[in-house]
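Please look at the chain shown below, first at its interior and then at its surface.

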Amino acid sequence: MRGIIYKDLYDNFRIWKNLASYIFALIFVGWWAFLFSESEYYFVLLIMVIVLCGACAVESSAEQDEAANFNRLLISFPVTKEEIVIAKYILALIFIAGANILSLIVTVIHVMIVGTLNFSEALPVWAVGVCVSFFITGIIYIEYFIFGKRIGTIVFVVLIAVAAGAYGSLSVIFGIEKFVQMDKTLLLCAGLPVSVLVFAGSCLLSVIIYKKKYS
């Protein structure tokens, strides 16, 4: 399993175009973190954009796997199909952790330097982002295992576009200030276990899909 994780890390960070995309994303996040000072709307949007990066690991590895028909070779290795899928989800957890650490750093910047919100308002928003990262990563991983890289990427982009549209619509209808100031205890108590269950269920479904595809 470690070999699969190392291979996928290589695909993400040792292939120049993939590494360049991550470097550009970090520069963009750093620029955006300060650009819209004292804007609650852009703070929440930035947090949600960052946590979506938890799903990025599968895109680069799927591209290389399909180009080299690697999955056909991989199933001949001394690892089970369950281990192959679980290794990819372990890497997803690593990316989720990295994305949420970055979003926490951005949260601290907006509280202590920019002054957009106070900690009592900002930390629950960050926690909602943690829930979103598990939920959206689980959904995206399933569709990549079902459709593969090309169609999977199209579905990924459509999902992001729908999420962006929903965010913009809700901010107009409900008001982002109300969301920031509302008590999120109930939302988090329900959202965290549901998002973790979605991620775990995604892994189980992906194992079933992978077994059928490469049986």
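The paragraphs that follow go from the nonpolar cores to a nonpolar surface patch.

This is a predicted model, in which local features need pLDDT of at least 70 and side-chain atom pairs count only at pLDDT 80 or more, while totals for chains, interfaces and linings use all residues. Residues are numbered from 1 along each chain as its sequence is written, and side-chain values use heavy atoms, with hydrogens and water left out.

The largest nonpolar core has 31 residues, of which Tyr89, Ile140, Tyr141 and Phe145 touch the most other members; such a core is a set of buried Ala, Val, Leu, Ile, Met, Phe, Trp, Tyr and Cys residues joined through side-chain atoms within 4.5 Å, where buried means under 20% relative accessible area, exposed over 50%, and partly exposed in between, with a 1.4 Å probe and protein chains only. At least two residues of this core come from each of helix H1 (2–13), helix H4 (56–67), H6, H7 and helix H8 (185–213), and H7 gives the most, with nine residues. A second, separate core of 20 residues has Trp32, Leu46, Val51 and Ile176 among its members.

On the surface, Leu104, Met112, Ile113, Phe119 and Leu123 make a nonpolar patch of about 480 Å². Helix H6 (81–114) and helix H7 (119–181) each supply at least two residues of this patch, and the largest share, three residues, comes from H6. Ile113 has its place in helix H6, and this residue counts as exposed because its relative accessibility is 60%.

Terms used: Patches are made of residues with over 30% relative accessible area and no salt bridge: like charges are joined within 9 Å, nonpolar side chains (Val, Leu, Ile, Met, Phe, Trp, Tyr) within 5 Å. Accessible areas come from the Shrake-Rupley method with a 1.4 Å probe; for residues, only the protein chains shown count as cover. A salt bridge is a side-chain nitrogen of Lys or Arg within 4 Å of a carboxyl oxygen of Asp or Glu. Helices (H or I, at least four residues) and strands (E, at least two) are DSSP runs, numbered from the N terminus.
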